[in-house]
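Welcome, and please have your viewer ready. We will go from selection to selection, with a short stop at each.

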Amino acid sequence: MAGVYANVIAFVAGVMLLQQRATLSGWTPFAWAMSVAVGCLLLRRGVGRRPWAARLLAALAAAAIGFGWAFAQAQWRLADALSAEREGQDILVSGTIATSPDGDPLAPRFLFVPDEGEAGLPRRVELRWYAPRDGRGPPLPRLAPGQRWRLAVRLKRPHGHLNPHGPDAEARWLEAGVRARGYVRPRPAPTQLEPRASTPGMIIEQGRQHLSQRLGAALGERPWRGVPLALALGEQSAIPAAQWALFRELGIVHLAVVSGLHVTLVGGLAAALAAWLWGRLGGAGRWPARKAAVPAGLVAAWAYALLSGFGIPVQRSVLMLTVAGLCLILDIRVRASRVLAMVLGVTVAVDPWAVLAPGFWLSYLAVGILLLTALARPSVGGALSMAWLALRTQWMIGLAMAPALLLFFQQFSLVSPLANLIAVPVVGFVVLPLSLLSLVLPIDGLPILAERIFAALIWSLEHLVAWLPRSWQQAEPSGWLLLPAILACLWAVLPRGTPGRSLALVALVPVMVFEPTRPLPGAFELTVLDVGQGLAVHLRTHRHDLLFDSGPAWPEGDAGAAIVLPYLLANGTRQLDRLVSSHPDADHAGGAASLAAGLPVDIRVTQPGDRGEGVRSRAHADCRAGETWVWDEVAFHWLSPPDDAPIDGGWSRNDRSCLLLVSGTWGRALVAADIESAAEARLVAAGMPFSADVVVVPHHGSRSSSSAALVAATQARAAIFAVGYRSPFGHPHPEVWARWAAAGARGYRTDVQGAIRARFGPAGLTIDTERSSRERYWHGR
């Protein structure tokens, strides 16, 4: 029995080891892995009466097989790539829409499967189809899964933002098989083609879209409309970001997504109904009702799993239910923990990249804790006993998962046990059945009733926990603190009688009080975040934080909420002493409102004349040339705009953007926004102190900026270009890159190297990049 667990864990460990590799060089590592596996299995036959050696060799073989299997899967997936000569080019391609369009109605996003024979294209492409601007041109057609189109598209290889503490979107796209991304071009005009025979997957997607449209029309614009859609069809995008934040505070995120709990409830309810009908029809004499109910429960569970998107928690649950159901029919007695182990191995074998997803670990951890708590027996009978057991179970799950939640999300809910005690039965036995029933019965009142009940639930929970602190949020702890904390929390939820259960929680204290190391007085850090075509620069001293610009706004959100705020929270930033918007362009100020909503802002700084409406702060100030202040022995000096720089005096809005010089004991940095050559020449002629070790290059490296005079005046050792991947504006311009290089400045690019951090401290100037520290084999491929 122990050998099964050890072999599964070893197999998963081998897969995880492969996913940490920076490169995949040929097939030599695969050959070595398979050789190790075969060698261990052969040696295992000759160890005689030493069972510990046999178990060890079996585990080593399982680890090698896991490594080799994941290696082969990775090579095959990477071979399905967009050819280099087709990247960034307009391509005419015929193919089929594979998924229901989602996202912004004016820029729907969908998966597109090119027809066979389209050379140089991968098998799955993610496209956006933008509506014509200002109503010019034909409106967007009604898109549906199964439609065939001939489209002019412009594609690029999957490339995501990579920042400290942030997710790796390229890993997610690799797992999903999305090997190119792009958008539909208006010319030549798109042409709809005759559809081909639908596949089972296409039929499911068509059904999902039809049901989604029907439920969406019934729910209208009700505030919690996204919850029935998410529960019934797995449409998590229907729930706005503010509601997800509330769910995280209350610890009920798992109830708003299709999880193992929902699949188990659906299968259980279907099985119970089938058993009742079987008994009423007199079939119990021919076959026991509990066995006759299994096929109905499994059919319902699988149907719901496929209809809801078949995510990792759903895969785990439906596989566990299938194994348990078959064991029941065949009268095979097997432990639930063994079933969980087998399902874990199958899940990772089918999807080797699942180990990279936080949901994978949280899902299996939660089920493991449930199995442990199932060993408990209530001390008193009746409803009180069941309520106490439910509360205790929720408490133990919350405790055991706290370190993992801090690792993945830098927060966990303090009211989760109490909230789930109420929310689980309401959602599981009322909201979920009503949402599912609305798929079968076209009665508008069903999803509306589900939405209203959920709204009442949230209102009740918010009032119930109003007097309690809702969540614990802190910087991401270091690994050497998290590992003992995870082990201690798991130890603390073991059955009664386990020695040291209470003392184990002491290991959680260092994690809870962890604070990241900040620069010494006189030192500072400058981090240029990878936000695509935009700018966001975090400046940190011994006790203060300044953010220079907040990244771009997008059709479906902004970089402030999606990138900058999570980075700041994970970095331990609890307040922004200054939030600067160098000028009101959307690629520089697009995320300001989201940041101010998520973090206290002391002073909001803008260029003169821009009041920064809609951004909360304690005070407001303008950036004006000549103004200075000092934080922790580090001086900050505004170099631009000067007081005599009105727009009608020849200074454009870009020229009047804020320009900041930071001077510490061990170096200087110049942070520029979008000033252009005319303003640069005037400022250099005015004798502004441009000399700096590191320069955040003006206007993303545009040809209209970085004049020879400015480059020479800075005498920079490093030039950082904040640019988007394959920028449509051609940033950075080759002449500008060459000009900085010729002046002796080493160039850095956020599109190639991810976030770039410059440290000015006792060791001098050190610069590191996020892609070099988190290099993986799928980056850039």
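A salt bridge here is a side-chain nitrogen of Lys or Arg within 4 Å of a carboxyl oxygen of Asp or Glu. Keep in mind that you are looking at a predicted model.

**Salt bridges**

With that cut-off in hand, select E525, R540, R759 and D768: these residues are linked in a network of salt bridges. Across the whole structure, a search finds 26 salt bridges.

Next, pick R771 and E170. Their closest N and O atoms are 2.7 Å apart, and the two form a salt bridge. This pair links distant parts of the chain, with R771 in helix α26 (residues 770-773) and E170 in helix α4 (residues 169-176), 601 residues apart. Are these two partners buried or exposed? R771 has a relative accessible area of 9%, so it is buried, and E170 is buried too, at 4%.

Now move to E249 and R470, another salt bridge, with 3.2 Å between the closest N and O atoms. Here E249 belongs to helix α7 and R470 to the loop between α16 and β8, and 221 residues separate them in the chain. E249 is partly exposed at 29% relative accessibility, and R470 is partly exposed at 21%.

For one more, show D622 and R624, whose side chains meet in a salt bridge (3.2 Å, N to O). D622 counts as buried at 17% relative accessibility, while R624, at 29%, is partly exposed.

**Aromatic rings**

Switch to the rings: the structure has 20 aromatic pairs. To see one of them, display F247 and F454; their ring centres lie 5.9 Å apart with the planes at 90°, so the pair is edge-to-face. Because F247 lies in helix α7 (residues 241-250) and F454 in helix α16 (residues 445-464), the pair ties together parts that are 207 residues apart in sequence. Both F247 and F454 are buried.

Then select W27, F30, F67, F71 and W76, which ring pairs link into a cluster.

Two tryptophans have a charge over the ring. At W629, look for the charged end of R578, which sits over the ring 4.2 Å from its centre. At W737, the charged end of R749 sits over the ring, 5.9 Å from its centre.

**Strands β17 to β19**

Select residues 634-640, strand β18. Five of its seven residues are buried, so β18 is largely enclosed by the rest of the structure. Add residues 628-631: this is β17, joined to β18 by four bridges, and the two run antiparallel. Within the pairing, W631 stands opposite V634. What is special about phi at D632 in the hairpin of β17 and β18? D632 takes a positive phi near 50°, and the hairpin has two residues between the strands.

Now add β19 (residues 659-664), which runs antiparallel to β18 and is joined to it by five bridges. Here A635 stands opposite S663 in β19.

**Out to the surface**

Show L326, L330, I332, V334 and M342 as a surface. They form a nonpolar patch with about 430 Å² of accessible area together. M342 lies in helix α12 (residues 336-350), and at 36% relative accessibility M342 counts as partly exposed.

For a last stop, find V440 in helix α15 (residues 416-440). V440 is exposed, with a relative accessible area of 62%. Draw a distance from its C-alpha to that of E770, 330 residues apart along the chain: the viewer should give 49 Å.

Note on methods: Residues are numbered from 1 along each chain as its sequence is written. This is a predicted model: local features need pLDDT of at least 70, side-chain atom pairs count only at pLDDT 80 or more; totals for chains, interfaces and linings use all residues. Side-chain values use heavy atoms; hydrogens and water are left out. Buried means under 20% relative accessible area, exposed over 50%, partly exposed in between (1.4 Å probe, protein chains only). Two strands pair if DSSP finds at least two bridges between them. Patches are made of residues with over 30% relative accessible area and no salt bridge: like charges are joined within 9 Å, nonpolar side chains (Val, Leu, Ile, Met, Phe, Trp, Tyr) within 5 Å. Accessible areas come from the Shrake-Rupley method with a 1.4 Å probe; for residues, only the protein chains shown count as cover. Rings of Phe, Tyr and Trp (its six-membered ring) pair if their centres lie within 6.5 Å; planes under 30 degrees apart count as stacked, over 60 as edge-to-face and the rest as tilted. A charge sits over a ring if NZ of Lys or CZ of Arg is within 6 Å of the ring centre and within 35 degrees of the ring normal.
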